[in-house]
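Welcome to a short tour of a protein fold. Please have a look at the sequence and the structure first.

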Amino acid sequence: MEFKSLMPNLMVKDVGKTIEFYKNILGFNVLGTVPENGPFVFAIVNANNVTISFQEEKSIKEEYAQLNKFASAGGGFTLYINVTDVNGLFEKVKEKATIAKEMHKTFYGSTDFSIEDCNGYILTFSQAG
C-alpha cells in the first residue's frame, strides 16, 4: 500500500466566490462543479500538480455531521504550496490579495510569502533555495 496524492476539501460559505478567487487571482482551472451551473455546492480546481476542492458549509456538514460540533467555514487552516517562481507570483497577486506574510527567507532556506484567500484560509507559496 502506498499513499498516492492528497486533495484537501475546504469548507467554504460561497463556492462560486471561491472559484472566482482561485481562477482570477491565482490562475487555477476549474475541473468540475456540482451542480454544473451555479449556485455551486462543490468544486474542484487545479493548477499543475496542485488540486483543491471546495464544499459549501451546509453540504459538507450534512455529509459529515461530526463537523457540526466544532467547524465553521473559512480560516483555521493553511496550505503550503511549492512554486517555481515565487517572486513572479508575488508580483502577480500582491495588489489583488490580502498579504498575510510578506516575502521572506525561511530558516530552512526557501523564499516564502503568504496570502489570505476569500475564505480566510492562509496560502503560503514557497520556492526552495
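The report below moves from the whole chain to its sheet, its hairpin, its aromatic rings and its core.

## The protein as a whole

Please keep in mind that this is a predicted model. The protein has three helices and eight strands. Read from the N terminus, its elements follow the order β-α-β-β-β-α-β-α-β-β-β. The radius of gyration is 15 Å, close to the 14 Å that the globule rule gives for 129 residues, so the protein is as compact as a globular protein of that length.

Along the principal axes, the C-alpha atoms fill a box of roughly 45 × 35 × 30 Å. Of the 129 residues, 40% are buried. Sequence-distant contacts are well worth a look here too: among contacts between residues at least 6 apart in sequence, 50% join residues at least 24 apart.

## A four-stranded sheet and its helix

Let us start with a sheet. Four strands make an open sheet in the order β1-β4-β3-β2, with mixed pairing. Its edge strands are β1 (9-12) and β2 (29-34), each of which pairs on one side only. On average, neighbouring strands of this sheet are turned by 20° against each other, direction ignored. Helix α1 (residues 15-24) packs on the sheet and touches β1, β2, β3 and β4 (50-56). The direction of α1 makes about 160° with that of β4.

Within the sheet, β2 and β3 (residues 42-47) run antiparallel and are joined by five bridges. Val30 stands opposite Val45 in β3. Val45 appears again in the surroundings of Val50: leaving out residues up to four places away in sequence, Val50 touches Phe28, Val45 and Ile81. Val50 itself sits in strand β4 and counts as partly exposed, because its relative accessibility is 23%, where buried would require under 20%. Its C-alpha atom is separated by 9.9 Å from that of Ser5, 45 residues apart along the chain.

On the helix side, Thr18 is a handy residue to follow. Thr18 is found in α1 and counts as buried, at 0% relative accessibility. Beyond residues up to four places away in sequence, Thr18 touches Val12, Phe54, Cys118 and Asn119.

## The β6-β7 hairpin

Further along the chain, strand β6 (residues 98-105) and β7 run antiparallel, joined by five bridges. One of the residues to look for is His104, whose bridge partner in β7 is Asp112. The two strands form a hairpin with five residues between them. In the turn, Gly109 has a positive phi of about 95°.

## Aromatic rings

How many aromatic pairs does a search of the whole structure find? There are seven. One of them joins Phe21 and Tyr22: this pair is edge-to-face, at 5.5 Å centre to centre and 65° between the planes. Phe21 is buried, with a relative accessible area of 11%, and Tyr22 is buried at 0%. In another pair, the rings of Phe90 and Phe113 have their centres 5.0 Å apart and their planes at 75°, so this pair is edge-to-face. Phe90 lies in helix α3 (residues 86-93) and Phe113 in strand β7 (residues 111-116), so the pair ties together parts that are 23 residues apart in sequence. Phe90 is buried, with a relative accessible area of 11%, and Phe113 is buried at 0%.

Phe21 and Tyr22 also belong to a wider group. Together with Phe28 and Phe54, they form one aromatic cluster.

## The nonpolar core

Which residues touch the most other members of the largest nonpolar core? Of its 31 residues, these are Tyr22, Leu26, Ile52, Phe113, Ile115 and Phe125. The elements giving two or more residues to this core are β1, α1, β3, β4, β5 (78-82), α3, β7 and β8 (122-127).

Ile115 makes a good place to zoom in. Setting aside neighbours within four places in sequence, its contacts include Phe21, Leu26, Val93, Ala97 and Ile99. Also in contact with Ile115 are Thr98, Ala100, Tyr121, Ile122, Leu123 and Phe125.

Terms used
Residues numbered from 1 in each chain as written. Predicted model: local features only at pLDDT ≥ 70, side-chain atom pairs only at ≥ 80, totals over all residues. Heavy atoms only, no water. Pairing = 2+ DSSP bridges. Axes fitted to C-alpha atoms, helices over the stretch in contact; angles between N-to-C directions. Contact = heavy atoms within 4.5 Å. Phe/Tyr/Trp six-rings, centres within 6.5 Å; stacked < 30°, edge-to-face > 60°. Buried < 20%, exposed > 50% of the residue type's maximum accessible area, 1.4 Å probe, protein only. Core = buried A, V, L, I, M, F, W, Y, C linked by side-chain atoms within 4.5 Å. Rg over C-alpha atoms; globule rule 2.2 N^0.38 Å.
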